[in-house]
Amino acid sequence: MGNLTNRQIVLGITGGIAAYKAAELVRRLGDRGATVHVVMTKAAQQFITPLTLQALSGNPVHTDLLDPAAEAAMGHIELARWADLVLVAPASADFMARLAHGHADDLLTTLCLATSAPIALAPAMNQGMWRDASTQANAALLRSRSIALWGPAEGEQACGDIGPGRMLEAEQLAQHAANSFASRILDGKRVLITAGPTREAIDPVRYISNHSSGKMGFALAQAAADAGAHVTVIAGPVALKTPERIERIDIDSAQQMFDAVLERVDACDIFIAAAAVADYRPAAVADDKIKKQHAAMTLELVRNPDIVASVAQRKPKPFTVGFAAETTQVAEYARDKLERKNLDLIVANDVSQPGIGFNSDDNAVLALWSDGEMHIDARSKTQIARELIELIARQTHLQIA
Ligand code: C5P
């Protein structure tokens, strides 16, 4: 039996005769260790009472989008963030249509739009409704947006028809839920990521920094969390929202980033150094604002610790990934850095190319490891991050094997 221990599942129930099977599903998910919060549409409540589901799940049932009492306990956005998986069973034809077209006219559709957790639907409807071209088009649209459809099965229906449209049995759905977690390529892995620039203080009002936006590091954090990892980001000053289900630690200087990494590195399986760490810092930070007394001034700079190289020296070390921003001889310099810093993987990008890299939404990279390489052509940092996480997952499994 697949394991759902510590998994947080929002079970959405929409209006259909198969809603009665949702009661059994709550039990089956709970048996496997999941915590379940049930969300019901108005129509669902015509078929089964919230009280039944509350008793079975052990949690209050959520029914209204605009219920102040419910919002005070656990608001719809909080619920969307809480979920590791949103499973809608049964999913009616009407619900599929509303979801496919981005409606947010009740709690369940709103939650589906708001969540970054995977969504799975267990369609249940009359065979004619399932076969209808509109439903089929909606199903295709939902699949194209990575929403999983589990079922429907074929067989005898409540209305007497025979054909496709029966909801899968509770046990089958619980198994699908367990499989969906098991197939997350970094399931249960702990990933530590540095992101953004660092700021090296000169005096109380001035600092040395760089143009890093942190977008690549944050995209990697999101992709790693989507792949099932527990992710901590150590972020320099960036104007980015924290991706959902990610722990974020804000720091300013390279030294603070170094300290924050060392505190956590022993508890991580994978370390990704995506930050643009300042190589040097002023030798001394003036206590007061420096006055412009002279025509020229000299700042003495000292080297900052190399965070990724320090991590890669540890024994045992996590699977360590570095970045290399280069303007010439990208592959050569990157391979040199891979070896010199004892990294397991390096991701190189040519920062001289306009439109990609620093402070941009797009990137194109060359990933290198001891006996291989992979080009990822120009595309969004989100897509690059997903491909890099897949590569990292493959490489870590190879290393462990
Ligand atoms: O040597 P270079 O700065 O080009 O190396 C870049 C890689 O090293 C990046 O992964 C960056 O996050 C990491 N780095 C670091 N600490 C530093 C400098 C760079 O972790 N002080």
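This report describes a helix, a group of paired strands and a buried asparagine in a predicted model.

## Strand S3 and its partners

Strand S3 spans residues 85-91, and 7 of its 7 residues are buried. The cover extends to both faces of S3: Leu-85, Leu-87, Ala-89 and Ala-91 are buried on one side, while Val-86, Val-88 and Pro-90 are buried on the other.

S3 pairs with strand S1 (residues 8-13), to which it runs parallel, through 4 bridges. Strand S4 (residues 119-123) also pairs with S3 in the parallel sense, again over 4 bridges. Val-86 appears in both pairings: Val-10 stands opposite Val-86 in S3, and Val-86 stands opposite Ile-119 in S4.

## Helix H10

Helix H10 covers residues 215-226 and contains 12 residues. From its first C-alpha to its last, H10 reaches 16 Å, close to the 16 Å expected at 1.5 Å a residue.

Of the 12 residues of H10, 9 are buried, so the helix is largely enclosed by the rest of the structure. The buried residues are Met-216, Gly-217, Phe-218, Ala-219, Leu-220, Ala-221, Ala-223, Ala-224 and Ala-225. Just after H10, Gly-228 adopts a positive phi of about 100°.

## Asn-363 in strand S18

Asn-363 belongs to strand S18, which comprises residues 362-369. The relative accessible area of Asn-363 is 3%. Because buried means under 20% relative accessible area, Asn-363 counts as buried. The side chain of Asn-363 is joined to that of Asn-349 by a polar contact of 3.2 Å.

Note on methods:
Residues are numbered from 1 along each chain as its sequence is written. This is a predicted model: local features need pLDDT of at least 70, side-chain atom pairs count only at pLDDT 80 or more; totals for chains, interfaces and linings use all residues. Side-chain values use heavy atoms; hydrogens and water are left out. Helices (H or I, at least four residues) and strands (E, at least two) are DSSP runs, numbered from the N terminus. The expected span of a helix is 1.5 Å times one less than its number of residues. Buried means under 20% relative accessible area, exposed over 50%, partly exposed in between (1.4 Å probe, protein chains only). A polar contact is a pair of N or O atoms within 3.5 Å; within protein, one must be able to donate a hydrogen and the other to accept it, and residues adjacent in sequence count only if both atoms are side-chain atoms. Two strands pair if DSSP finds at least two bridges between them.
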